[in-house]
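Trainee: Could you take me through one part of this model closely, and then follow the surface outward from there?

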Amino acid sequence: MKFGMRKPSIRKSTAARTSVKRFIRHNLGLKAPRGYGWITNPKKYMYNKIYNRTTFSIFSLFKKLLK
C-alpha cells in the first residue's frame with residue numbers, strides 16, 4: 001500500500017477518460033449509482049477506500065495553497 005503523495009500520470013488519466021469500455025458504459029446507462037462500489041466489487045472498494053485515505057494528490061496541495 002502506498003503512503004504519501006501520488007504522482008499524476010497524464011497518459012493514464014486520458015486513457016481512462018477515452019476508453020471504449022467507459023464510452024459503452026456511459027451510453028448504455030450500465031453504471032451503478034454512486035456509493036454502490038461495495039456491492040459491485042467489495043475487494044476493490046476496500047482497497048480504494050484505504051488508498052484514498054493514506055495518499056494525497058499534488059493537485060490537492062495546489063488547491064490548499066490557493067485558498
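Where along the chain is the place of Lys7?

Mentor: Lys7 sits in the loop between strand S1 (4-6) and helix H1 (10-17), where helices (H or I, at least four residues) and strands (E, at least two) are DSSP runs numbered from the N terminus. The model is predicted, so local features need pLDDT of at least 70 and side-chain atom pairs count only at pLDDT 80 or more, while totals for chains, interfaces and linings use all residues. Residues are numbered from 1 along each chain as its sequence is written, and side-chain values use heavy atoms, with hydrogens and water left out.

Lys7 counts as exposed because its relative accessibility is 74% (buried is under 20%, exposed over 50%, partly exposed in between, with a 1.4 Å probe and protein chains only). Together with Lys2, Arg11 and Lys12, Lys7 forms a positive surface patch; patch residues have over 30% relative accessible area and no salt bridge (Lys or Arg side-chain nitrogen within 4 Å of an Asp or Glu carboxyl oxygen), like charges being joined within 9 Å and nonpolar side chains within 5 Å.

The surface also carries a nonpolar patch, formed by Met1, Phe3, Tyr36, Trp38, Ile39, Tyr45, Met46, Tyr47 and Ile50, with about 970 Å² of accessible area together. Helix H3 (37-40) and H4 each supply at least two of its residues, and H4 gives the largest share, 4 residues. Tyr36, another member of this patch, lies in the loop between helix H2 (20-28) and H3 and is partly exposed, because its relative accessibility is 40%.

Tyr47, which also belongs to the nonpolar patch, leads to the 1 aromatic pair counted here. The ring centres of Tyr47 and Tyr51 are 5.9 Å apart and their planes stand at 15 degrees, so the pair is stacked (centres within 6.5 Å make a pair; planes under 30 degrees apart are stacked, over 60 edge-to-face, the rest tilted). Because Tyr47 and Tyr51 are 4 residues apart in helix H4 (residues 42-54), about one helical turn separates them. Tyr47 is partly exposed, with a relative accessible area of 43%, whereas Tyr51, with 19%, is buried.

Notes: Areas by Shrake-Rupley, 256 points an atom, 1.4 Å probe, with all protein chains shown as cover. Lys, Arg positive; Asp, Glu negative; His and termini not counted. Charge placed at Lys NZ, Arg CZ, Asp CG, Glu CD. Phe/Tyr/Trp six-rings, centres within 6.5 Å; stacked < 30°, edge-to-face > 60°.
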